[in-house]
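Subject: Structure handover

Hi,

Here is the structure I promised to pass on. Please open it alongside this email.

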Amino acid sequence: MDQVRTLTVSAAENDNMDEGLHSRPTRPLRLDDATDVALLERIGAGDRQALRELYTAYYHPLLRFIYRVTRRLDLAQEGVNDVMLVVWRNSRSFGRRSSVSTWLMGIAYRKALKSLEASRRWSERFAAVDFEAWIERSEPAGEHSDDGDLRDLLEEAFRHLSAEQRAVVELTYFYGCSYEEIAAIADCPVNTVKTRMFHARAKLKHLLPTLSKEIP
């Protein structure tokens, strides 16, 4: 656990924590799987430098994905740490039934849903306080860009999707995952993935024209 905390401090010092959250990733999800497998083997032997290398390689993809599912930067940052803690403790459990990136995203998906549910239960206990609005107000505003209106429109539309639907859309359009890979990540049948995508597309198709009139 201390090793994961050390990595978090290092990342915070050298990177903007929310870098890339609202833009298309600059590289695909899949890295060199042979290299990733070798890193997991070293991590299983207690090599902390290998954990640092894997953390550096997957920090932003994991952060963005968990954020898109939970809509909370704090939960996303915590989720990345949780994923790496699982890797540190259980790297030897990787059975090579999928790529390392798919395995990591599967862990991230489960952690995201679990943390989102825990957050909801906590918020229900303190329903009088609008934590979501408070967090949004506390986040620094980004610089205006030409595509800002479209980004805001899509962000607002995403709020109306379920966490599972957001995950499918994110993995499909931003990370280029196939339905089979998403099924492995979400641990569900391929047909379930297709159903979630169908309903997500239908909802977005219905919402976007309406929201475009509401957002100035």
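Below is what I found, from the whole chain down to single residues.

Note that this is a predicted model.

**Whole chain**

The chain holds ten helices and zero strands. Read from the N terminus, its elements run α-α-α-α-α-α-α-α-α-α. The chain has 216 residues, and 41% of them count as buried. Its exposed surface comes to about 12300 Å². Carbon and sulfur atoms supply 52% of that area.

Which share of the contacts with a separation of 6 or more joins residues 24 or more positions apart? The figure is 75%.

**Helices H8 and H9**

Two packed helices are described by the angle between their axes and the distance between the axes. Here the pair is helix H8, residues 163-173, and helix H9, residues 179-186. Their axes come within 10 Å. They cross at roughly 135 degrees. H8 is therefore oblique to H9, since only angles over 145 degrees count as roughly antiparallel. The crossing of H8 past H9 is right-handed.

Which residues make this contact? H8 contributes Val168, Leu171 and Thr172. H9 contributes Tyr179, Ile182 and Ile185. Sorted by class, the contact has five nonpolar residues, one polar residue and no charged ones. The polar one is Thr172 of H8.

**Ser91**

Ser91 sits in the loop between helix H4 (73-90) and helix H5 (100-125). Is Ser91 buried or exposed? Its relative accessible area is 5%. The cut-off for buried is under 20%, so Ser91 is buried. Leaving aside residues up to four places away in sequence, Ser91 touches Leu40, Ile43, Gly44, Val86 and Trp103. When you look at this loop, show those side chains and Gly44 together with Ser91.

**Leu154**

Leu154 lies in helix H7, which spans residues 148-158. Its relative accessible area is 34%. That value falls between the limits of 20% and 50%, so Leu154 is partly exposed. How far apart are Leu154 and Leu208 in sequence and in space? They are 54 residues apart along the chain. From C-alpha to C-alpha, the distance is 7.7 Å.

**In brief**

The chain has ten helices and zero strands. H8 is oblique to H9 because their axes cross at roughly 135 degrees. Ser91 is buried in its setting between H4 and H5, whereas Leu154 of H7 is partly exposed.

Best wishes

Definitions and conventions: Residues are numbered from 1 along each chain as its sequence is written. This is a predicted model: local features need pLDDT of at least 70, side-chain atom pairs count only at pLDDT 80 or more; totals for chains, interfaces and linings use all residues. Side-chain values use heavy atoms; hydrogens and water are left out. Helices (H or I, at least four residues) and strands (E, at least two) are DSSP runs, numbered from the N terminus. Buried means under 20% relative accessible area, exposed over 50%, partly exposed in between (1.4 Å probe, protein chains only). Contact means heavy atoms within 4.5 Å. Accessible areas come from the Shrake-Rupley method with a 1.4 Å probe; for residues, only the protein chains shown count as cover. Axes are lines fitted to C-alpha atoms, for helices over the stretch in contact, and angles run from 0 to 180 degrees between N-to-C directions. Angles under 35 degrees count as roughly parallel, over 145 as roughly antiparallel, 65 to 115 as roughly perpendicular and the rest as oblique. A crossing is left-handed if the near helix is turned anticlockwise from the far one by less than a right angle, and right-handed if clockwise.
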